[in-house]
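Open your viewer and get your selection tool ready. We will walk from stop to stop, with a short note on what to pick at each one.

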Amino acid sequence: MSTLLIKNAAILVTMDDRRREISGGGLFVRDGFIEKVGPTSEIPSKADEVLDLSGHLILPGLVNTHHHFYQTLTRAVPAAQDANLFNWLRTLYPIWARMTPDDIFISTQTALAELALSGCTTASDHLYLFPNGSRLDDEIAAAREIGIRIQASRGSMSLGESKGGLPPDSVVDTEANILRDSQRLIETYHDPKPGAFVQIVLAPCSPFSVTGELMKQSAKLAREYAVHLHTHLAETEDEQAFCMQKFGYRPLPYMQSMDWVGSDVWFAHAVYVDNDEVRTFAKYGCGVAHCPTSNMRLASGIAPIKEYLAAGVKVGLGVDGSASNDGSNLLAEVRQALLVSRLKEGITGFSLSNDPERKLMTARSALEMATRGGAAVLGRSDIGSLEVGKCADFFAIDLNCLDYAGALHDPVAALVFCHPVRADYTVVGGRFVVKESQLVPLDEHELIEKHNRAAKYLLEPG
Ligand SMILES: [Zn+2]
């Protein structure tokens with residue numbers, strides 16, 4: 001039994017059903033779960049560890065719904081800097097094919113370190129290449145050392161170039177191997193309980209890199225074990241053309257024909273959808289991982305987030321892989337989501353509209369996507385808000401910094417409108433992953449050195 005008391009926060013943003021923002025707020029935590037939340041005067045005054053966060057803003061830990069940790073090794077690769085999705089992938093597949101288990105381990109730690117420093121406490125990752133003996137186990141081991149919760153997605157590619165897919169045959173696997181390994185991972189690691197640190201997700205990579213048969217078999221296996229399903233969908237116009245030409249369907253109807261709709265399914269991107277498809281998302285409870293930076297970086301397009309939210313679709317945010325972002329800063333992604341949503345409004349005539357009902361996305365709704373929204377997308381009711389019984393996952397930011405100077409009329413909005421800063425504290429299940437802006441589980445400079453060495457070798461082997 002261990003207890004933690006956080007007290008005197010300038011504002012504690014609960015993201016509970018009433019969206020309470022508590023001045024002078026505090027949290028009392030026992031064994032990783034929140035036992036009390038409220039004004040500091042109304043919660044216990046003693047605990048094993050006590051931290052006074054006067055002058056700080058506290059928020060629920062951010063939830064990242066889409067990432068490829070391994071891509072932190074291939075950020076800003078010159079040949080892939082100015083390409084659209086398909087050309088970017090064709091350039092990077094052969095480099096990724098050289099990765100080793102050590103590369104997976106190091107890149108996971110780098111991505112999770114960046115995420116933690118931006119307030120993230122739960123991250124989904126989508127690993128879909130397993131070259132040179134790499135396994136999802138390498139990622140899970142690395143995440144356990146950092147202490148962030150992960151939804152580790154067992155990705156896969158089975159449709160190589162010779163069968164009409166996009167990836168070279170050298171990076172795809174047989175469907176029997178993929179399904180056998182998926183089952184092994186679920187049985188070894190998946191923890192369905194509240195407070196889980198590792199959950200397994202089945203995640204064939206995309207319609208253009210796996211067969212329909214693998215989509216169907218993955219859905220069947222996932223439902224036998226009650227684990228969730230994830231894939232990239234409707235990311236670009238190229239993908240839409242590929243699906244029409246190869247399957248005779250648009251991307252979402254194709255997935256419907258594969259039994260890939262339901263509240264246990266979430267899709268990354270979902271940019272190219274029509275109004276009927278938005279309603280299909282809502283009807284079946286499918287979630288969306290909105291990745292605005294990646295969509296801009298690869299010139300993919302702007303997802304119709306306002307339409308999704310209006311239809312009641314679950315929407316979370318994702319930084320996406322670090323070769324198309326090229327970072328893992330989730331707080332920065334909240335800001336991008338706000339800005340790109342407003343850009344879309346501008347493009348579609350906001351300034352000319354006299355409709356008083358037409359509103360811009362607010363800072364608080366962007367934060368809501370990154371917290372409650374992300375938790376809903378991942379199917380987790382134990383995270384996403386600061387409430388009694390939920391995981392003690394939160395982050396704190398010192399408001400007395402240059403970036404927020406002049407914005408303290410509304411510190412919560414400042415967090416989104418102003419330039420993103422490092423989290424001063426990030427706590428997962430009552431344990432500090434970031435303290436006084438420094439990573440607790442490992443030495444940041446050693447990690448940077450190891451990571452740069454691995455990245456250099458990957459691009460210039462021998
Ligand atoms: Zn992705």
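Which residues coordinate the zinc ion? Select His66, His68, His232 and Asp320: the three histidines bind through NE2 and the aspartate through OD, at 2.1 to 2.4 Å. Donors here are N, O and S atoms within 2.8 Å of the metal (3.2 Å for Na, K and Ca), and water is not among the atoms, so sites may look incomplete.

Before moving on, a word on what is loaded: this is a predicted model, in which local features need pLDDT of at least 70 and side-chain atom pairs count only at pLDDT 80 or more, while totals for chains, interfaces and linings use all residues. Residues are numbered from 1 along each chain as its sequence is written, and side-chain values use heavy atoms, with hydrogens and water left out.

**Around the zinc ion**

Check the angles next. The four donor atoms subtend 88 to 173° at the zinc ion, which makes the arrangement irregular. For four donors, tetrahedral requires all angles between 85 and 135 degrees; square planar (four donors) and octahedral (six) require opposite donors over 155 degrees apart and all others between 65 and 115; anything else is irregular.

Along the sequence, the donor residues follow the spacing H-x1-H-x163-H-x87-D. His68 sits in the loop between β6 (62-64) and α1 (85-96), and Asp320 in the loop between β13 (314-317) and α11 (330-347), so this pair ties together parts that are 252 residues apart in sequence. Helices (H or I, at least four residues) and strands (E, at least two) are DSSP runs, numbered from the N terminus.

Now colour by accessibility. His68 counts as buried at 2% relative accessibility, and Asp320 counts as buried at 3%. Buried means under 20% relative accessible area, exposed over 50%, and partly exposed in between (1.4 Å probe, protein chains only).

**Helix α4**

Select residues 175-189, which form α4. At 1.5 Å a residue, its 15 residues should span 21 Å, and the end C-alpha atoms are 21 Å apart, which agrees. The expected span is 1.5 Å times one less than the number of residues.

Which residues of α4 are buried? Pick Ile178, Asp181, Ser182, Leu185, Ile186 and Tyr189. They cover an arc of only 135° around the axis, which puts them on the same side of α4; the arc is that of the directions from the helix axis to the C-beta atoms. On the other side of α4, Arg180 and Glu187 are exposed. The buried residues of α4 pack against α3 (136-146), β8 (149-156), β9 (198-204) and α5 (212-225), where contact means heavy atoms within 4.5 Å.

**Helix α3**

Step across to α3, which is mostly covered, with eight of its eleven residues buried. Its buried residues pack against α2 (101-117), β7 (120-127), β8, α4, β9 and β16 (431-435). Just after α3, select Gly147, whose phi is positive, near 95°.

**Strand β12**

Go to Val288 in β12 (residues 287-290). Val288 is buried, with a relative accessible area of 0%. Not counting residues up to four places away in sequence, its contacts include Phe267, Phe281, Tyr308 and Val377.

**Two cysteines**

Finish at Cys401 and Cys418. Their sulfurs are 8.2 Å apart, too far for a bond. The whole structure has zero disulfides, a disulfide being a pair of cysteine sulfur atoms within 2.5 Å. Cys401 is partly exposed at 22% relative accessible area, whereas Cys418 counts as buried at 16%.
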